[in-house]
Amino acid sequence: MSAPAWCLWLENTGFAVALKESAYVFPIVEGTHLLGMSVSVGLILLLDLRLLRLAFRNEPVSRIMRQVAPWMTSGFALVFATGLALFAANATAAYGNWFFRLKLALVFVAGVNAAYYQVACFPKMAQWDVAADIPRGPRAVAAISIVCWALVIAFGRTMAYEL
């Protein structure tokens, strides 16, 4: 089955049709998606700003990470679940939308960036708590993260005007 045919099938499932036609559920799912994005990306931004030494300079990086990680993860899970539902409701239009494709590509890049941070940088985080400066690698990860998530949000909002 081709991707456009699969998208057509998906948006004609009972779940997608019910979501799309609901006067109340669709806006609630969309609003929940935006709230989840605010929580997840907002806390990612907080950590990134600390890694770049632009905020919370007197707070240990590991302490901030411990405090925000559960909320970041929960927010991302909410964004992922609601994003899948929103995609199902408009799969054909979304699939053909370049902003949607760019958004997904950047979510992928942000995910690879986060995975790299977890594997290469996170194990050494305790060393930075007392260091005068944070190494270049984690700072680069933070900068890439900020750019990716800002563009994901921009393309997501732009995408909404093209559907």
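## Two positive-phi residues in an all-helical predicted model

Phe56 is placed in the loop between α3 and α4, and in this predicted model its phi is positive, at about 55 degrees, although Phe56 is not a glycine. Arg53 lies in the loop between α3 (25-51) and α4 (61-89) as well, and phi of Arg53, again a residue other than glycine, has a positive value near 60 degrees. Most residues other than glycine have a negative phi.

The table sets out the backbone angle and the accessibility of these two loop residues.

| Residue | Phi | Relative accessibility |
|---|---|---|
| Arg53 | near 60 degrees | 21% |
| Phe56 | about 55 degrees | 43% |

Why does Arg53 count as partly exposed? Its relative accessibility is 21%, and buried means under 20%, so Arg53 counts as partly exposed. Phe56 also counts as partly exposed, because its relative accessibility is 43%, whereas exposed would mean over 50%.

As for the protein as a whole, it has eight helices and zero strands, the elements running α-α-α-α-α-α-α-α from the N terminus on. The C-alpha trace spans about 55 × 30 × 25 Å along its principal axes, and 35% of the 163 residues count as buried. Among the contacts between residues at least 6 apart in sequence, 76% join residues that are at least 24 apart.

At the surface, the protein exposes about 9500 Å², of which carbon and sulfur atoms supply 70%. The protein has 12 positive and 8 negative charges, and the mean positions of these two sets are 10 Å apart.

Methods. Residues numbered from 1 in each chain as written. Predicted model: local features only at pLDDT ≥ 70, side-chain atom pairs only at ≥ 80, totals over all residues. Heavy atoms only, no water. Helix = DSSP H or I, 4+ residues; strand = E, 2+ residues; numbered from the N terminus. Buried < 20%, exposed > 50% of the residue type's maximum accessible area, 1.4 Å probe, protein only. Contact = heavy atoms within 4.5 Å. Areas by Shrake-Rupley, 256 points an atom, 1.4 Å probe, with all protein chains shown as cover. Lys, Arg positive; Asp, Glu negative; His and termini not counted. Charge placed at Lys NZ, Arg CZ, Asp CG, Glu CD.
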